[in-house]
Amino acid sequence: MVRDGKSAQRVPAAQEPLPRPPVPRPGGDGRLLPSSPSAHNPVSYTYTTDLAAIRAVVHRYAIRAGLPEARAIDLTLAVSEVAANTVRHAKSPGSLQIWYDAREIICQIHDEGIITDPLAGRRRPSLNAMGGHGLWIVNQVCDQVEMRSDETGTTIRLRMALPATPSRS
């Protein structure tokens, strides 16, 4: 990429600052969520249209958690696809929570939309289909995809196993 005649250098995601600091918890006590998220204290973000910020956050935490670059890109793609569905179909803000432990990284996306097909993303769409490819790809790149949808909205949880390392064994 070239700007003003100079080449722009991309900083590796693990070194980039977060696009914005974690937000206070809803209903909150005003405390900010920790920089090392866990199942008990996930990092939370709310988005309406800025999917670039969501992608940057997911990639950074995926690398920090220990995913190899290729898997971090897969998780970023999957979260971006689900978040884009929020923007396109739910017409409400979406929320993203990220946490990880020694075994896996989990990204949970919630919005106020409803998915009526319980098998959405589980069946391979035809090449001629006008939609359905995104959730199918999400199911292909993640180790596990859980989806719950009812009158309160839709929650999709994406899981990826972390590689075993001597410190995690």
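**Note on the sheet, the salt bridges and the core**

1. The side chains of Glu 146 and Arg 159 come together in a salt bridge, with 2.8 Å from N to O. This pair ties together distant parts of the chain, since Glu 146 belongs to strand 6 and Arg 159 to strand 7, with their positions 13 residues apart in the numbering, that is, 13 residues apart. Both Glu 146 and Arg 159 are buried. The reader should keep in mind that the model is a predicted one.

2. Arg 159 deserves a closer look, and it is found in strand 7. Its relative accessibility is 14%, and because buried means under 20% relative accessible area, Arg 159 counts as buried. Which residues is Arg 159 in contact with, leaving aside its neighbours within four places in sequence? They are Glu 104, Ile 105, Ile 106, Cys 142, Asp 143, Gln 144 and Glu 146. Two names in that list, Glu 104 and Glu 146, are also linked with Arg 159 in a network of salt bridges.

3. The count of salt bridges comes to 4. One of them joins the side chains of Arg 71 and Asp 143, at 2.9 Å from N to O. Here too distant parts of the chain are linked, for Arg 71 lies in helix 2 and Asp 143 in the loop between helix 3 and strand 6, 72 residues apart. Arg 71 is partly exposed, with a relative accessible area of 23%, and Asp 143 is likewise partly exposed, at 46% relative accessibility.

4. A salt bridge is also formed by Asp 101 with Arg 103, whose closest N and O atoms are 3.3 Å apart. Are these two residues buried or exposed? Asp 101 is partly exposed, with a relative accessible area of 33%, whereas Arg 103 is exposed, with a relative accessible area of 59%.

5. Turning to the sheet, the model contains an open sheet of 5 strands in the order 3-4-5-7-6, and the pairing is antiparallel. Strand 3 (43-47) and strand 6 (144-150) stand at the edges and have a single partner strand each, so one side of each is left without a neighbour in the sheet. From one strand to the next, the twist averages 15°.

6. The pairings can be followed across the sheet in that order. Strand 3 pairs with strand 4 in the antiparallel sense over 5 bridges, and within this pairing Thr 46 has Ser 95 of strand 4 as its bridge partner. Strand 4 is in turn joined to strand 5 by 6 bridges, again with the two strands running antiparallel, and a hairpin of 3 residues connects them. Strand 5 (residues 104-111) and strand 7 (residues 153-161) also run antiparallel, and 8 bridges join them.

7. Ile 109 offers a convenient place from which to read the middle of the sheet. On one side, Ile 109 of strand 5 is the bridge partner of Leu 96, and on the other, the bridge partner of Ile 109 in strand 7 is Ile 156. As for strand 4 (residues 94-100), 5 of its 7 residues are buried, so this strand is largely enclosed by the rest of the structure.

8. The largest nonpolar core has 33 residues, and those with the most contacts inside it are Leu 75, Val 79, Leu 96, Ile 105 and Leu 158. Which elements give two or more residues to this core? They are strand 3, helix 1 (51-65), helix 2, strand 4, strand 5, helix 3 and strand 7. Helix 1 gives the most to the core, with 7 residues.

9. Val 79 illustrates how the contacts gather around one core residue. Not counting residues up to four places away in sequence, Val 79 touches Ile 54, Val 58, Leu 96, Cys 107, Ile 109 and Leu 158. Of these, Leu 96 and Leu 158 are also among the residues with the most contacts inside the core.

10. Helix 3 (residues 133-141) is the last element to consider here. Its buried residues are Gly 134, Leu 135, Trp 136, Val 138, Asn 139 and Val 141. What covers these buried residues includes helix 2, which spans 69-90, together with strand 6 and strand 7.

Note on methods. Residues numbered from 1 in each chain as written. Predicted model: local features only at pLDDT ≥ 70, side-chain atom pairs only at ≥ 80, totals over all residues. Heavy atoms only, no water. Pairing = 2+ DSSP bridges. Helix = DSSP H or I, 4+ residues; strand = E, 2+ residues; numbered from the N terminus. Axes fitted to C-alpha atoms, helices over the stretch in contact; angles between N-to-C directions. Buried < 20%, exposed > 50% of the residue type's maximum accessible area, 1.4 Å probe, protein only. Contact = heavy atoms within 4.5 Å. Core = buried A, V, L, I, M, F, W, Y, C linked by side-chain atoms within 4.5 Å.
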